[in-house]
Every structure is written in C-alpha cells, then in structure tokens.
Amino acid sequence: MILFDRVTKVYPNQQVALSGLNLHIQPKEFVTIVGSSGAGKSTLIKLMTREESHTSGKIIVGGLDYDTITPRDVPLVRRRIGVVFQDFKLLPNRRVGENVAFALEVSGARGREIKRAVPKMLQLVGLSSKEQAFPNELSGGERQRVAIARALIRQPKILIADEPTGNLDPKNAWEIIELLLKINRFGTTVLLTTHNKEIVNALKRRVITINRGRIIKDEEQGRYTLEGGK
Amino acid sequence: MIQLWRVIQQGARNFMRNAWLSTAATAVMTVTLCIIIISFISNSALTSTIKGVTDKIDVSIYLKDTITTEQRDLIRHRLEATGNVRGIDYISKDEAIARFKEKNKNDPLQIQAIEETGNTLPASYSVKLKDRNKLDSVLKTTTEPAIRPLLDDKNPASITGTRKDAINNIIKGSNFVIKLGLIASIIFVTISTLIIFNTIRMAIFTRRDEIEIMKLVGATKWFIRGPFIIEATLYGIIAAIVATALSYTLLLGTGPRLSSYIDVESTISFFRSYPALIILGELVVGIFIGAFSSLLAMSRYLKL
C-alpha cells in the first residue's frame, strides 16, 4: 500500500529531513509513527500527500509511483488519500455538512451523490445531529470528527492522521482513536502520528520510531519510546 | 460542467462575503466604464459635428464674364484632377444675382443698388472638398498660368466667407475633447486595474487558509483560481450594467439641450437602435479589466 525505498529528502537550505528511509506498509494496517519534533514525521507525511517532492529514492503509494506523476496529477493523488490534521483545517464559514461535502465537490461529484454520501458519513463519525452547525459551534473532538468525515467521504484506501489528538482532552482523544480503529476495521489503512505515549502503548499496534530522518525501530506491537529506544 | 457551476457559485459567494471591497471595486469600475462610454459618445457626437461643419466648407472660384464654355470646362477638369473634389456646382451670373436677392430680401437698398448697376456679380464654381486639410491643392490650381487669366481679378477664390476661423476653432476644440476622453479612459482603466488587482490580492491573503484546505482535499488549480476570476468578472458585469444605464440616462437627459451645440442626434439614434451592442461592448471591457486584473494578482500572489 505504501512503499518508501531509500527515500531521502533534502530541503533547499541543505537540511536533511529524511535519509535513505525504507518503509513498507501493507493494506489495512494500522501504523503509528512516533518521534521527537524534527525527527522527520511531518516530512514523511508531506511526501505522501505530495506537498513536498523527494530528493532521491522511490515512493509508491496506492500503486502510484510518485516519480511518474506530473504537477497536474497532484490533486488526483490527494483525492486518493484522506488526511486529518491537528488543527482540523475546517472552513469556518461553511456548515458541518458543507465542510464534508466540500471534498466531494472539488472532485466533481454530482449533487445527488453528495446529498446521499454526507449524512451517511456524519452518521459514521457520530455527528448526524450537527450537520447544520458551524465549526465554531462544535467542541474540539467534534471538529476532529468532521475532519475525519471529510477525509473519508471519498472512501480513500489510506487515511493519514497527523497528530489528530494534539488539541484534544484525553476523553475526546480516545474517542478519536476509537473512531480511527473503527475505520481501520472497515479496511482503510491508517497511518497515525502522535506524541501521546498512553495512546501508543494502549493501541498495541505496529509502531515505527523515527529519529533524524531514519527509522530506528519498527515493532509489530510496539510501545512509545524516545530516540535510542529507551 | 458541474465544476464550472461550482466555481461560479463560489465566486459569487466570495463577492458577497467581501461586500465592502466588492462595492468599492465595482464603483471604480463603474466610473471607468462611464468615462469610456462618455468618451465614446463625445467622440461620436463631435466627429459627427466636425463632419457637418466641414461638409459646409465650399471654395468659391469666380470666373471672368468673357469666359467660353470650353475654358469653363478646362477649369472644372483641372479642379477635378486635384483628387480632393467631392462635387462642383456651376453658379451662373443669373443664379448668382437670384441668390443675392434672396439673401438680401429684407434689405431693399442692396437690391436697389444691384438693379441699378446691372448684374455685376461673376459666375462661379462652388467646390466641395473631400479633405478640408488639403485645401491648398485646390487653391493652387487657381494660380496655374493656364487658369489664372480665366478667373475674375476682383474676386479671388474664397473659402466660405469669414467662417473659416470659427470652423477651425470648432475642429481644434473637438479634437482636444476627443483626445482628453481617450487619455481619461486610459487613466481610469489603469486605476481600475490597480484597484481590482489590490482587491483580489487582499482576498487571496484573507482566504489563504481556505486555499490551503482546497489544495489538501485535492482541488485543481483551476478550481482554486476560478472563483477569484469570477469575483473580479462580477465587478465588471455589474459595473457594465450600471454604467450603461447611467450613460443612457445622461445622454437622453442632456441630449436635447446639447443638440443646439453639437450633433448628438446620430449618437442618440445609435444608442436607441443598438442597446444590446452598447451593453455588450461595456460587458466585454468590464469583464476584460476584471479578469485581467485578477489573473495578474493571482500570478503574483497565489502560488499553487
């Protein structure tokens, strides 16, 4: 599903963000990526969503070789991957339903299709009653659910959750994690980055630890550890 | 098609969200289009007036009483050979005195004087010119050795009496107004372009988060840029409608009063006959200014 083969990313200021990174994630896996700030997690995600281009190596996501795609293909790549962010990135002047529908609108879905899909997705994330609310009328946890609904509305095979619990209290954080697990059970590959030790340890799923642009630990039922594996 | 509709909807929504900026940009565009259309009206009316005035310019060439028909034809051929003659009328001595009497019918002393002296008025050619500015070519003919002896010594060729200076002044004034209109149009088109450029620049800045989200959910460049073009195009469309209505009202309202000074009849008639053409022209100019300015702003500030 996701293959990084000796991927290196060097920014124009010569900062090496990833150095010969190898990563292979199978379909339907739930993988947590941990690492301290500046370890390379964000760059890894930006390469997957094609916000950044890799300097060398090979990246294949969902069968798509990133060496062969043109700038014109980038929007299509992003439509195949759902992404959730720590700061939700919702459109504040659009209602919940409109925010979720927006992801379908940009891909040219018909109005009828959107009207059918949005309530179903809101039901999945437990926000059926909030369709007409604006984001500022929701709690942090609810906003993150809207973001997840928007990421999933196009039924992507991969969902990337970049620090989705960073702005949430423990109760809401767990609700989001449970939602991600539920989505994973339905067959979506989930890639989670987090600093939350309790969550990582409780998940008992594959954990990849990154440090200085390299994978230093990759365990099937891993635990949260700082660099050096302590 | 559905994408295009969504882009239009989003553009219209953005227009409403930026109500104050949109109103300001539309107002400036309206002023610009009004100036363009007023300049067009002035140009049309003054050109028509100039044409009317220059049409009245005749060169009178007076002939000797002793001239033969062959000599008269020779003069006509020489004048026509200048290439600047639109028409030549021959005015015989009898016709000349008839015109004199008609012109002075309220002045019995003048009529009495001419009757007492007999018909002293010479026959003449009244020459209408194609190009008023090439008058010299016609006048030069009258000084040719073969022609000069055939002309009346006492009455040299004259240009519609004493109105020449007044006509020249009207033409100079009109040309100045036409140039002024053109310069004002260019200045205001530039101002409009800059203001819309700035409005779109600010819109890009205030919507940077929204643009980022659009990119992240896989919106194409066209889908992101389209609403900005639609928004600026809307300024042009609304301004074109308002400017046409304003200019139309102004023209019809002031037309009757202006007609004493300049020929606005043909312009009013054109407006009445082709209102769709006028609004279409305004729309094309308005949309062009809007779209061009927004494309300029996006090429500078919207990096995707």
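**Entry 1: the loop before β3 of chain A**

I began with A:K28, which is exposed, its relative accessible area being 57%. I keep in mind throughout that this is a predicted model. A:K28 sits in the loop that runs between β2 (16-25) and β3 of chain A. I also looked up its backbone and noted a phi near 70 degrees, which is a positive value in a residue other than glycine.

**Entry 2: the sheet of chain A**

From that loop I went on to the sheet, and I wrote down six strands in the order β6-β7-β8-β3-β9-β10 (chain A), forming an open sheet with mixed pairing. At its edges I found β6 (81-85) and β10 of chain A, each of which pairs on one side only. From one strand to the next, the twist averages 20 degrees.

I then took the pairs at the two edges in turn. β6(A) and strand β7 (residues 158-162) of chain A are parallel and share five bridges, and within β7(A) it is A:L159 that stands opposite A:G82. Strand β9 (residues 206-211) of chain A, by contrast, runs antiparallel to strand β10 (residues 214-219) of chain A, and five bridges join them. A:N211 has A:R214 in β10(A) as its bridge partner. The hairpin of β9(A) and β10(A) has two residues between the strands, and there A:R212 takes a positive phi near 50 degrees.

**Entry 3: what packs on the sheet, and the loop leading there**

I looked next for a helix on this sheet and noted helix α6 (residues 170-185) of chain A, which touches β3 (30-34), β7 and β8 (189-193) of chain A. The direction of α6 makes about 155 degrees with that of β8(A).

In the loop between β7 and α6 of chain A I came upon A:E163. A:E163 has a positive phi of about 50 degrees, although it is not a glycine. Is A:E163 buried or exposed? At 11% relative accessibility it counts as buried, because the limit for buried is under 20% relative accessible area.

**Entry 4: the nonpolar cores**

Which residues touch the most other members of the largest nonpolar core? I found A:I148 and A:L180, in a core of 71 residues. Helix α9 (residues 221-258) of chain B gives the most to this core, namely nine residues. Apart from it I noted another core, of 28 residues, including A:V7, A:L44, A:L47 and A:I158.

Leaving aside residues up to four places away in sequence, A:I148 touches A:V84, A:V125, A:I176, A:L179, A:L180 and A:I183. I checked A:R145 as well, which lies in helix α5 (residues 140-152) of chain A and is buried, with a relative accessible area of 15%. With the same sequence neighbours left out, the contacts of A:R145 are A:V125, A:G126, A:L127, A:E175, A:I176 and A:L179.

**Entry 5: the domains of chain B**

I turned last to chain B, which is divided into domain 1 (2-52 + 167-301) and domain 2 (58-159). The centres of domain 1 of chain B and domain 2 of chain B, taken over C-alpha atoms, are 53 Å apart.

I also looked up B:I57, whose place is in the loop between α2 (19-55) and β1 (58-62) of chain B. B:I57 counts as buried, at 7% relative accessibility. Between B:I57 and B:P108 I noted 51 residues in sequence and 29 Å in space, C-alpha to C-alpha.

Note on methods
Residues numbered from 1 in each chain as written. Chains lettered and ligands numbered in written order. Predicted model: local features only at pLDDT ≥ 70, side-chain atom pairs only at ≥ 80, totals over all residues. Heavy atoms only, no water. Pairing = 2+ DSSP bridges. Helix = DSSP H or I, 4+ residues; strand = E, 2+ residues; numbered from the N terminus. Domains from an automatic or database assignment. Core = buried A, V, L, I, M, F, W, Y, C linked by side-chain atoms within 4.5 Å. Buried < 20%, exposed > 50% of the residue type's maximum accessible area, 1.4 Å probe, protein only. Contact = heavy atoms within 4.5 Å. Axes fitted to C-alpha atoms, helices over the stretch in contact; angles between N-to-C directions.
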